[in-house]
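Student: Please take one part of this model and go through it closely. I would like the strand pairing and the charged contacts around it.

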Amino acid sequence: MLRSLRCATALVSLLSAGAMAHANDHADSGEDVTHYRIFVADHAEPRITAIDLAQPDRRWSFDTRGQARLYAVGGGSAIAAVQSDDDIVQFLSSGITLQSHGDHADIEIADPAALPDTLEGPRPFHLIDHDGTLSINFDRGGYAQILDTHALTKSPLSSWRLPVERAHHGYVAPIGQAWVASVASDAPTSGDEAPKRIGLRAVHRDGAPAGAVETCTGIHGEAFSGAYLATGCQEGILTVTAGEAGPVFQMLDYPSDIPARETTGTLLGSTGMQVFLGNYGAKGLVVIDPVDAPHLRHVELPFRRVDFTLDPANARFAYVLTEDGTLHRLDLLDAKLMASARVSEPYSMDGHWNDPRPRLAMAGDEVLLSDPRAGLIRRIDKAALNETGTIAVDGMPYAIAVAGGSGVVHDHDHDHDHDHAGHAHSHGDPQIYKGYFEDAQIKDRPLSDYAGDWQSVYPYLQDGSLDPVFAHKAASGTMSAQEYRDEYEIGYRTDVERITINGDRVTFFRNGSPVAGTYTYDGRETLTYKKGNRGVRFIFAKTGGDEAAPDFIQFSDHKIAPEKTDHFHLYWGDDRAALLEEVTNWPTYYPSALDANAIVEEMMAH
């Protein structure tokens with residue numbers, strides 16, 4: 001059980017220990033910081049309060065239409081406020097952006113802000129944030145609204161609608177290049193009776209069925225972990241993975257040695273190892289391993305469960321609050337409660353499911369607990385399970401979400417040559433960057449050098465955002481700013497607005513529609529340009545995936561040996577040799593997390 005997870009847990013623990021050593025405050029350029037911001041929705045008043053954890057007096061207030069459930073989405077760059085009873089989803093910019101560069105992450109910190117665009121529709125409820133896609137089900141509308149999480153902070157908000165056959169309390173989720181949707185019975189209902197949920201099936205982007213209904217009676221709750229989607233059923237836990245012919249389903253039956261007549265309806269998926277944690281009846285939890293048997297292990301609690309959360313910094317552990325006011329640390333590998341401590345007054349689970357009760361969230365080494373009756377956020381040391389402080393919040397603090405983490409802060413007021421000198425955005429040896437190097441310096445490179453989520457810069461050229469770059473080039477170059485713009489208009493031109501690279505899988509997005517292939521290294525080619533400098537193309541050949549995906553992709557990023565890239569030019573097509581002749585059109589991609597200003601800064605630092 002969980003054999004493959006133990007090494008991953010140790011690695012996560014080491015990374016966590018290093019990250020938490022940083023000071024929780026702003027620092028000078030190039031220094032590591034850890035910064036967390038918490039967002040708290042009031043139970044009674046239509047209000048969200050944002051609070052800097054390091055300086056709790058530094059806070060902001062945002063009006064909502066009604067009571068909100070909060071979700072940190074897009075890697076924590078945005079907060080979604082789902083207001084089911086008021087038919088709206090509002091979005092906030094968290095003000096914290098983390099950008100991974102392999103050996104470190106950069107962090108940018110600004111004030112949080114309400115975003116101008118909202119989603120309105122009949123009863124939004126289940127929200128799924130996975131692989132750059134945000135899906136929000138509108139229970140009484142009969143559809144899910146689909147958004148790109150990397151574009152949430154851009155206006156106007158771009159989204160599209162995936163319809164389901166019958167409106168119900170369910171969800172729609174992406175699985176590889178396919179989609180799955182919960183299914184409701186078509187049996188007649190009366191009054192306010194909701195349609196019965198009967199299963200899950202693959203669907204096309206237009207909502208049309210793409211496969212048979214997989215039985216999952218009373219389907220409810222969903223989460224992703226590793227390669228798996230899991231959802232709760234009366235029969236057990238239904239898992240889904242991406243297969244070559246579409247989604248692959250497997251039911252993990254509830255074992256006979258755990259209490260009968262209970263089910264799972266809430267699931268959390270770990271990002272540090274492939275494991276799920278679900279509720280099971282009022283006084284239990286179930287640890288779910290989708291690969292190794294036993295797949296489900298039951299954890300009995302001493303009192304009824306109020307809330308539970310996973311530790312993103314140490315994937316081995318989870319925390320659960322029971323109604324007697326006790327916080328328990330759960331070891332997911334052993335499926336056992338390891339430590340317990342009283343952290344609040346009791347909160348009975350009798351009454352309505354939405355009565356004001358504590359909610360949990362994690363921020364580094366702390367468990368944060370909202371205490372509605374006391375008007376507090378309680379800060380609990382996750383190792384000792386003791387309270388280290390409280391944050392007073394007006395009203396009845398209820399739903400809670402956390403954004404932030406650890407990264408390197410760069411002072412952009414400094415000179416760029418200095419600012420980029422020891423940084424993952426460094427362009428290395430300036431002679432190599434210009435194209436002057438020896439053959440012996442060239443080394444093969446893996447596809448992982450280009451892993452990440454990337455955006456085309458062509459739209460920024462079209463809307464004028466890159467004009468300062470061309471003016472900068474003209475100031476020391478041989479052409480006017482307009483002539484540079486004309487040249488780069490041809491160079492950057494593409495209809496592929498986004499590319500994601502994960503393992504050996506490369507996905508191309510045109511107008512939001514994905515096409516994907518798997519690729520393997522196919523060697524390198526050194527090109528000599530007219531003015532005598534050279535460049536290296538690192539080439540990958542398709543081994544599987546969509547027919548429409550190109551047979552070859554060729555990277556050029558001014559690097560000639562293994563090193564994580566900060567941007568790249570990409571050439572793609574079905575003729576390997578012909579691609580090598582293309583030197584006038586070089587679609588260019590920067591990290592999707594960067595906005596136009598950051599990209600301009602990067603370009604002008606070259």
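Tutor: Two strands pair if DSSP finds at least two bridges between them; strands (E, at least two residues) and helices (H or I, at least four) are DSSP runs numbered from the N terminus. This is a predicted model, in which local features need pLDDT (the predictor's confidence in each residue, from 0 to 100) of at least 70, side-chain atom pairs count only at pLDDT 80 or more, and totals for chains, interfaces and linings use all residues. Residues are numbered from 1 along each chain as its sequence is written, and side-chain values use heavy atoms, with hydrogens and water left out.

Strand E39 (residues 513-528) runs antiparallel to strand E40 (residues 534-545), and 10 bridges join them. Within this pairing, Tyr-521 stands opposite Phe-540 in E40. E40 is also joined to strand E41 (residues 552-556), again antiparallel, by four bridges. There Phe-538 stands opposite Phe-555 in E41. E40 and E41 form a hairpin, with six residues between them.

E39 also takes part in a salt bridge (a side-chain nitrogen of Lys or Arg within 4 Å of a carboxyl oxygen of Asp or Glu). The partners are Asp-444 and Arg-524, whose closest N and O atoms are 2.4 Å apart. Asp-444 lies in the loop between helix H3 (430-434) and strand E36 (452-456) and Arg-524 lies in E39, so the pair ties together parts 80 residues apart in sequence. Asp-444 is partly exposed (between 20% and 50% relative accessible area, 1.4 Å probe, protein chains only; buried is under 20%, exposed over 50%) at 42%. Arg-524 is partly exposed as well, at 32%.
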